[in-house]
Amino acid sequence: MRAPYACDPSRSRGRRFFEPPAPTRDAFQRDRDRIVHSTAFRRLVYKTQVFLNHEGDLFRTRLTHSLEVAQLARSIARAIALNEDLVEAIALAHDLGHTPFGHAGQDALNACMASHGGFEHNLQSLRVVDELEHRYPAFDGLNLSFETREGILKHCSRKNAARIEALEPGGVAHRFIEGGQPSLEAQLCNLADEIAYNAHDIDDGVRSGLIRIEHVSEVPLFDRYRREAMDEHPELKGRRVLYETIRRMLSAQVYDVIDTTRDALDTARPTHPDDVRRSRPLVAFGKTMREQSAELKKFLFDHLYRHPQVVQSTRQAQDVVQTLFETYCRKPHELPESHASSSDESGGGFPRAVADYIAGMTDRFAIKEFERLSGRRWQEGDRG
Ligand code: MG
């Protein structure tokens, strides 16, 4: 039973191009299926989350991260009677626009595109589902419902919002100009993303040997659940301590979001998704959990994301992206014909076509292209 504040597929604001409804699936289930069958979704398996994709088989990739976000978001959605299918569609699509090599790749591509409108991965996720997937006879993109697209565009600069608003008045970019919130399903995916990466980056960080479990115990949120686990299971050793601590920490965060959001909904009493869009943000952590989660995030930032070994592979990844960008711009014939010609259709010019092509690459394809075009070798790191 869905609540009146949940998005209702039968009252969707619709798709950009009209299509008759599917006989057995509602609009959001159909969106989710289109995302799962897309090329960009399959590429996520070979894209870096934090650790470069080839550094070890057990680290999270963008694909496993997206699946974890979908799992967490669906659990919470079920408890507060939101639309689970919409939540799943948004979660599975939320990172489709990520470049190879994680944030290092995105920063490098953004720098390359500085004088051509920049590069934002959220905007790119929307671009993938709106334009870059070429599989249907009648339109480019996946022609997803407004509500799924609204959830995918979770951040957007004012300049880009104004550009989208001009093409789609009152559409998905409107709230970045006039203020307002997205649906509860979109708000939830945003928070589930944060819960997922905070937890799995500790796991991957410890697995990589770059951070130690004793070290993470400086973080109050982690330490609380580690102590609790050890009190109940004094015999616990090794990786099971880590798993049990993360499991408890994840549950505590999920329950905190459910309780806090229920309270916020009781106070705000939205009776329609548009009430939610006009309200303050309603899906949130309580005050204490918000502060503790921020401490955990800061720890990961200081000790993992800025770890010299991570920074070193980051620099190499940036070199790859920059070299690819400069080479394709200098030698347009190196870009596949299908991509070179897409620059005319989208009106973004040749640099945008190059950025789209690079952003769509998996880590290993980017490395292969880099080695082919530059004659230089990628230096293997050794971890995991
Ligand atoms: Mg994410």
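In which helix is the place of Thr245? Before selecting anything, bear in mind that the model on screen is predicted. Thr245 has its place in helix H13, and this is a convenient point from which to begin the tour.

**Stop 1: Thr245 and helix H13**

Select Thr245 together with Phe222, Tyr225 and Arg226, which it touches once residues up to four places away in sequence are set aside. With a relative accessibility of 0%, Thr245 counts as buried. Now widen the selection to residues 239-268, the whole of H13: at 1.5 Å a residue its 30 residues should span 44 Å, and the end C-alpha atoms lie 43 Å apart, which agrees with that expectation. Step just past the helix to Arg269, which follows H13 and has a positive phi, near 45 degrees.

**Stop 2: helix H6**

Next select residues 121-132, which form helix H6, and place a distance between the end C-alpha atoms: the span is only 14 Å, whereas a straight helix of twelve residues would span 16 Å at 1.5 Å a residue. Showing the surroundings of this helix is worthwhile, because ten of its twelve residues are buried, so H6 is largely enclosed by the rest of the structure. Among the buried residues are His121, Asn122, Leu123 and Gln124, and also Arg127 and Asp130.

**Stop 3: the aromatic pairs**

A search of the whole structure finds six aromatic pairs. For one of them, select Phe17 and Phe139, whose ring centres are 5.8 Å apart and whose planes stand at 10 degrees, so that the pair is stacked. Phe17 lies in the segment before helix H1 (27-36), while Phe139 lies in the loop between H6 and helix H7 (146-152), so the pair ties together parts that are 122 residues apart in sequence. Phe17, at 36% relative accessibility, counts as partly exposed, whereas Phe139, at 8%, counts as buried.

Another pair to select is Phe101 with Trp378, where the ring centres are 5.7 Å apart and the planes are at 10 degrees, so this pair is stacked. Here Phe101 belongs to the loop between helix H4 (84-93) and helix H5 (102-112) and Trp378 to the segment after helix H19 (363-374), so the pair ties together parts that are 277 residues apart in sequence. Phe101 counts as buried at 2% relative accessibility, and Trp378 counts as buried at 6%.

Return to Phe17 and add Tyr136 to the selection, since ring pairs link Phe17, Tyr136 and Phe139 into a cluster.

**Stop 4: arginines over rings**

Keeping Tyr136 in view, add Arg34, which lies over the face of Tyr136 at 4.8 Å from the ring centre. Then move to Tyr46 and Arg364, where Arg364 lies over the face of the Tyr46 ring, at 3.9 Å from its centre.

**Stop 5: the magnesium ion**

Which residues coordinate the magnesium ion? Select the ion with His65 (NE2), His94 (NE2), Asp95 (OD) and Asp193 (OD), which coordinate it at 2.2 to 2.6 Å. Along the chain, these donors follow the spacing H-x28-H-D-x97-D. Two of them are worth tracing back to their elements: His65 lies in helix H3 (residues 62-79) and Asp95 in the loop between H4 and H5, so the pair ties together parts that are 30 residues apart in sequence. A final surface display can be set against the calculated burial, by which both His65 and Asp95 are buried.

How values were computed:
Residues numbered from 1 in each chain as written. Predicted model: local features only at pLDDT ≥ 70, side-chain atom pairs only at ≥ 80, totals over all residues. Heavy atoms only, no water. Helix = DSSP H or I, 4+ residues; strand = E, 2+ residues; numbered from the N terminus. Expected span 1.5 Å × (residues − 1). Buried < 20%, exposed > 50% of the residue type's maximum accessible area, 1.4 Å probe, protein only. Phe/Tyr/Trp six-rings, centres within 6.5 Å; stacked < 30°, edge-to-face > 60°. Lys NZ or Arg CZ within 6 Å of the ring centre and 35° of its normal. Donors = N, O, S within 2.8 Å, 3.2 Å for Na, K, Ca; no water. Contact = heavy atoms within 4.5 Å.
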